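Visitor: I am new to this structure and would like a close look at a single part of it, the place where two helices pack against each other. Please take me through that part slowly, and then show me what else can be followed from there.

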Amino acid sequence: MFTAAQARSLGVGPLVLERLVKQKHLLHPGRGLYAVTDDVDQTAEAWHRHLCVGAHLLYDDASLTSGSAALAHDLPVWGVDLRRPDLHRPVDRAVGVKAFRVRPRPTTPLRPPPVITGLGAADDVATALVQLALDHGPVAGCVSADHALHGELVTLEQLTDAASLVSSWPGSSRVRAMLGFVDGRSESVGETRCRIELMAHGIRLTPQVPIHEESGMLVGRVDFLVEGSRVIIEFDGKVKYADGDRNVLWDEKRREDRLRALGYVVVRITWADLERPGAAIAKVRRALAQAA
């Protein structure tokens, strides 16, 4: 990424830039900002990161917030619109420009100052997660917060403190809902979404439960055990099967057979189940009836 001012300092004027954009050698995402087409990754998340860097080239008073700040801390995001980075600047009102969403920097007492990340100045982790939940809802907030807790990038106390600073803001119920669901034992976006989907329907789960045979030998650690039952829930993201390794498939089958031999009912939840309303909960309720 580079700016028109940087190009001008090297003797490259606006007419040359305009011609290079028309020839598709340059991208022009917003006023005063350019990128070399062959040198950037235009997939959604990578392009968002490029734009975050570009924001700091244009505005030395900007800091990243919300989902952009989460990405700056290398957290996964889900359910977040990545077309434009979210910025805080010392402005009077929120404005929308072609490449960015710009809002006034909050002056809430005790709010931590921005920190420096690989993408430039950004909210600290706890503040970023709270803003993400405010903007995109509790599930999106929880997906990133679970990962941050699991990786020890933030503590529940820090999250709670950051949430208290916005307790009177519109939408603060989204942050309280996120805190009610967050659990650092979940190890992937899919596990977090699966857990929230089932718990929202009254299914209480314990994540990452080790299952042993009577001899004490470990059979495996399962994604979830439904509390008060012998129903195991595994989120099947299919990543571990992607290379088609027969040994992986065989080991997984043997593990599941051992679990069933111990009297457990195993339910596999997929991405497709999470995308179809009611599909995941229906699977689990059938398993609970079978195990009763």
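Guide: In this predicted model, the axes of helix H6, residues 138-150, and helix H9, residues 189-199, come within 9 Å of each other and cross at roughly 135 degrees. Two packed helices are described by exactly these two quantities, the angle between their axes and the distance between the axes. The crossing angle makes H6 oblique to H9, and the crossing in which H6 passes H9 is right-handed. On the H6 side, the residues that take part are Val139, Cys142, Val143 and Asp146, and in H9 they meet Val189, Thr192, Arg193, Arg195 and Ile196. Sorted by class, this contact between H6 and H9 has five nonpolar residues, one polar residue and three charged ones.

From the helix pair we can turn to the strands, beginning with an open sheet of four strands, whose order is S10-S11-S12-S13 and whose pairing is mixed. Strand S10 (205-212) and strand S13 (265-270) stand at the edges of this sheet, and because each has a single partner strand, one side of each is left without a neighbour in the sheet. Neighbouring strands here are turned against each other by 45 degrees on average, when direction is ignored. Within the sheet, strand S12, residues 231-236, pairs with S13 in the parallel sense over six bridges, and glutamate 234 has arginine 268 in S13 as its bridge partner. A helix also belongs to this picture, for helix H12, residues 279-291, lies across strand S11 (218-226), S12 and S13, and runs at about 175 degrees to S13.

Elsewhere along the chain, strand S7 can be followed through two pairings. Strand S5, residues 86-89, pairs with S7, residues 101-104, in the parallel sense over four bridges, and in S7 it is valine 102 that stands opposite leucine 87. Strand S6, residues 95-96, pairs with S7 in the antiparallel sense over two bridges, and here the bridge partner of valine 95 in S7 is valine 102. Valine 102 therefore appears in both descriptions, opposite leucine 87 and as the partner of valine 95. The connection from S6 to S7 is a hairpin, which joins the two strands through four residues.

Notes: Residues numbered from 1 in each chain as written. Predicted model: local features only at pLDDT ≥ 70, side-chain atom pairs only at ≥ 80, totals over all residues. Heavy atoms only, no water. Pairing = 2+ DSSP bridges. Axes fitted to C-alpha atoms, helices over the stretch in contact; angles between N-to-C directions. Contact = heavy atoms within 4.5 Å. Parallel < 35°, antiparallel > 145°, perpendicular 65-115°, else oblique. Left-handed = near helix turned anticlockwise from the far one by under 90°. Nonpolar A, V, L, I, M, F, W, Y, C, P; charged D, E, K, R; others polar.
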